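Let's take a friendly walk through this protein, beginning where it holds its ligand. Keep the 3D view open and find each residue as it is named.

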Amino acid sequence: MTSILMVCLGNICRSPLAHGILESKLQSDAFYVDSAGTANYHVGDKPDYRSIAVAKSNNIDISQQRGRQFKISDFDTFDYIFVMDQSNFDNVITLARTTQDIAKVKLLLEVDDTIIDKRVPDPYYGDITDFEKVYSLLDDACSALFKSLNKTIQ
Ligand code: 4NP
């Protein structure tokens, strides 16, 4: 099984969307997808209502997800750790124990060569259009990731 972790700051806006979108594309027992936040602000919380709404309008249900904080054992559990921005990257790398841990961590948008700005902007203080833009970015990135993951298991 190949396991993929999506990471943002709060685990209520960006990474739950990335989690739900990738899961909806993979639909296979060969993959396990999860998400986490580097901060503990929203542990146990549902995703932000705007992320739930944008996912729902694209026929994806993320309402059952609950926030959790990234933990050091995630380096052992997951093959790939995708972060949304440089700040998430720095926070995760700070917890890495080995060069193998470090090698697992990538900016999610690095999977898509056509995207120039590699940052998934934090929509928390924005409005629904910011969540729609994030959804679109994550959907493109997850499509590119889906293709490359399927190549690695064939
Ligand atoms: P996320 O967005 O990292 O995409 O889940 C945020 C959610 C909550 C907060 C910051 C960012 N917050 O400060 O509570």
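In this predicted model, an oxygen atom of the ligand sits 2.8 Å from a polar backbone atom of Gly10. Cys13 offers a polar backbone atom too, 2.9 Å from an oxygen atom of the ligand. His42 takes part through its side chain: one of its polar atoms lies 2.9 Å from a ligand oxygen. On its own, the ligand has 350 Å² of accessible area, and the protein covers 91% of that.

Which residues surround the ligand? They are Cys8, Leu9, Gly10, Asn11, Ile12, Cys13, Arg14, Tyr41, His42, Asp122 and Tyr124. Sorted by character, this shell has 6 nonpolar, 3 polar and 2 charged residues.

**Salt bridges**

How many salt bridges does a search of the whole structure find? The search finds 9. Here are three to look for in the 3D view.

| Salt bridge | N to O distance |
|---|---|
| Arg68 and Asp34 | 3.1 Å |
| Asp74 and Arg68 | 2.9 Å |
| Arg97 and Asp76 | 2.8 Å |

Let's start with Arg68, which meets the side chain of Asp34 in a salt bridge. This pair links distant parts of the chain: Arg68 belongs to the loop between α2 and α3, while Asp34 belongs to strand β2, and they are 34 residues apart. Are these two partners buried or exposed? Arg68 has a relative accessible area of 18%, and Asp34 has one of 15%. The cut-off for buried is under 20%, so Arg68 counts as buried, and so does Asp34.

Arg68 also forms a salt bridge with Asp74. Asp74 and Arg68 are both buried.

Now turn to the salt bridge between Arg97 and Asp76. Why does this pair tie together parts that are 21 residues apart in sequence? Because Arg97 lies in the loop between α4 and α5, whereas Asp76 lies in helix α3. As for their surroundings, Arg97 is partly exposed at 43% relative accessibility, and Asp76 is exposed at 52%. There is also a network: Arg14, Asp85 and Asp122 are joined by salt bridges that share partners. Two names may ring a bell here, since Arg14 and Asp122 are among the residues that surround the ligand.

Arg97 has another contact to find. The side chain of Asp101 reaches the backbone nitrogen of Arg97 at 2.8 Å. Asp101 itself lies in helix α5 and is buried, with 4% relative accessibility.

**Aromatic pairs**

The structure has 4 aromatic pairs by the ring-centre rule. One of them brings together Tyr32 and Phe78, whose ring centres are 5.9 Å apart. How do we know that this pair is stacked? The planes of the two rings are at 20°, and planes under 30 degrees apart count as stacked. Tyr32 comes from strand β2 and Phe78 from the loop between α3 and β3, 46 residues apart. Tyr32 is partly exposed at 37% relative accessibility, while Phe78 is buried at 1%.

Tyr80 and Phe82 give another example, with ring centres 6.0 Å apart. Their planes are at 5°, so this pair is stacked as well. Tyr80 is partly exposed, with a relative accessible area of 29%, whereas Phe82 is buried at 4%.

**Helix α2 and its ends**

Our last stop is helix α2, which covers residues 49-57. Which of its residues are buried? They are Arg50, Ser51, Ile52, Val54 and Ala55. It helps to remember that an α-helix has 3.6 residues a turn, so residues three or four places apart point the same way.

Both ends of α2 are worth a look. Asp48 caps the N-terminal end, where one of its side-chain oxygens lies 2.8 Å from the backbone nitrogen of Arg50. Just after the helix, Asn59 takes a positive phi of about 65°.

Notes:
Residues numbered from 1 in each chain as written. Predicted model: local features only at pLDDT ≥ 70, side-chain atom pairs only at ≥ 80, totals over all residues. Heavy atoms only, no water. Near = heavy atom within 4 Å. Polar contact = N/O pair within 3.5 Å; in protein donor to acceptor, adjacent residues only side chain to side chain. Areas by Shrake-Rupley, 256 points an atom, 1.4 Å probe, with all protein chains shown as cover. Nonpolar A, V, L, I, M, F, W, Y, C, P; charged D, E, K, R; others polar. Buried < 20%, exposed > 50% of the residue type's maximum accessible area, 1.4 Å probe, protein only. Helix = DSSP H or I, 4+ residues; strand = E, 2+ residues; numbered from the N terminus. Salt bridge = Lys/Arg side-chain N within 4 Å of Asp/Glu carboxyl O. Phe/Tyr/Trp six-rings, centres within 6.5 Å; stacked < 30°, edge-to-face > 60°.
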